[in-house]
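Me: I am new to this structure and would like a close look at a single part of it. Please take me through the surroundings of one residue, and then show me how that place fits into the rest.

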Amino acid sequence: MTVGDGRPERIPINAPSIGPDELAAVQRVLGSGWIGTGPECDRFERELADHLGGVEVVCTSSCTAAIEIAVDHLGLPPGSRVGVPAWTHPATALPAALSGATVVLLDVDPDTLQLSTESLAGAIDEGLDLLIPVHFAGRPLDRAILDRARSAGIPIVEDAAHAFGASDADGPVAGRGSVAAAFSFHATKNLTTGEGGALATTDPELAAFARTHRHHGLDEDAWSRQRSGRWSAGDILQPGRKANLPDTLAAIGRVQLRSFADRQEHRRNLVTRYRGHLSTLEGASFVPATPGPGDADHLAVVVLDPGVDRDRVVEHLESAGISTGLHYTPLHHLTWFREHAVVGPSGLAACDDLARRALTLPLHARLREADVDDVCQQLAAAVGPSGGR
Ligand SMILES: Cc1ncc(COP(=O)(O)O)c(C=O)c1O
């Protein structure tokens, strides 16, 4: 349903771009006689590897599974300490928590919402065995973070859930200079398969491990057996996970990859428009304030000025038919992490402040520039004197 000038009655915070090509691709696979993980997933992996350039790609059932596989491969000894930013989805930290490691929560830079260098430096001094930083909102990680961890000999697994399409001076974010990058193709992501993910790495041994590990650790997956015509149930040399991406979903990803550049360009235009409106607004700031050349523009996050009542802003936008969200509730505000994780030496003051002031606005490839104008107009009314204060 639309109102007035074609604006949808409700502007969702997120919406997948699924069209006839995705539908046709799924139908083709459904009718092909093989709907598990097989040739379509192989093709998707090759196309992703071409897109990312010079890395191996192994598709998984999620970004979480890709992080788990990388953590499993590292084989952290008991008592290991794993640093993660507290401003993230729990999935960044849970694979380490489930491996028995101690999760060390680190603060973020309020200007980018990325892991702060000071917080990392203090944690390195106290000892870290692994770092899992997040390319928050698709802004590629600050090189200083990666260099600092690398020079201290700490392995890095990049949580690139938001960062498919992001690039830095070395090219597309893809696990170069780290153990691996883990992408998410979840329903809300810039490239979606509904649920899904991928591990990108320059380490052939990790890639081979991931291919086996995502199929329980079986030395031969079902598609290889079918293709070779061999009758065998396979052998397990090491216990693995069930974390494969079926061909039905890989088919969606292949179509999404072909149209990816156009959607990214549209996202960039929307984010530029948000920044333009909000640069002169008192009461809320777009974060990061300035664009980065390699941004994947995954989220539109604003930080409200101190004194603005966020609940009232959310209510105002809601009554105007505009959905909002929060990325994120910091991990130490969640019960398990509060009780079991440790806080890095620099504390979590920025995360605590952001927990009261951050707000996510709609951003997706089906949003129109006029919708952004409308969201910003309503936000201005909400944070103004008669609005959210
Ligand atoms: C930063 C971050 N890491 C990891 C994940 C988990 O992704 P997935 O659902 O593909 O496991 C998400 C999900 O949104 C996320 O935002």
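**Around Trp87**

Reply: In this predicted model, leaving aside residues up to four places away in sequence, Trp87 touches Val108, Leu113, Phe136, Leu326, His327, Tyr328, Pro330, Cys351, Leu354, Ala355 and Ala358. Trp87 also belongs to the largest nonpolar core, which has 50 residues, and together with Val103 and Phe136 it touches the most other members. The elements that give two or more residues to this core are the helices α3 (63–74), α4 (94–98), α7 (204–213) and α13 (349–357), along with the strands β4 (81–85), β5 (102–106), β12 and β15 (300–304). Of these, α3 gives the most, with 7 residues. The core draws at least three residues from each of domain 1 (20–258) and domain 2 (260–383). A second, separate core holds 26 residues, among them Ile11, Leu278, Leu367 and Val372. In soluble globular proteins, nonpolar side chains tend to be buried together.

From β12, one of the elements in the core with Trp87, the view can be carried on to a neighbouring strand, since β12 (residues 180–184) pairs with β13 in the antiparallel sense over 4 bridges, with Ala182 standing opposite Leu199. Strand β3 (residues 56–60) also pairs with β13 in the antiparallel sense, over 5 bridges, and here Cys59 stands opposite Ala198. Gly197, Leu199 and Thr201 point one way from β13, whereas Ala198 and Ala200 point the other way, and all are buried. Because 5 of the 5 residues of β13 (residues 197–201) are buried, this strand is largely enclosed by the rest of the structure.

Technical notes
Residues are numbered from 1 along each chain as its sequence is written. This is a predicted model: local features need pLDDT of at least 70, side-chain atom pairs count only at pLDDT 80 or more; totals for chains, interfaces and linings use all residues. Side-chain values use heavy atoms; hydrogens and water are left out. Buried means under 20% relative accessible area, exposed over 50%, partly exposed in between (1.4 Å probe, protein chains only). Two strands pair if DSSP finds at least two bridges between them. A nonpolar core is a set of buried Ala, Val, Leu, Ile, Met, Phe, Trp, Tyr and Cys residues joined through side-chain atoms within 4.5 Å. Domain bounds come from an automatic or database domain assignment. Contact means heavy atoms within 4.5 Å.
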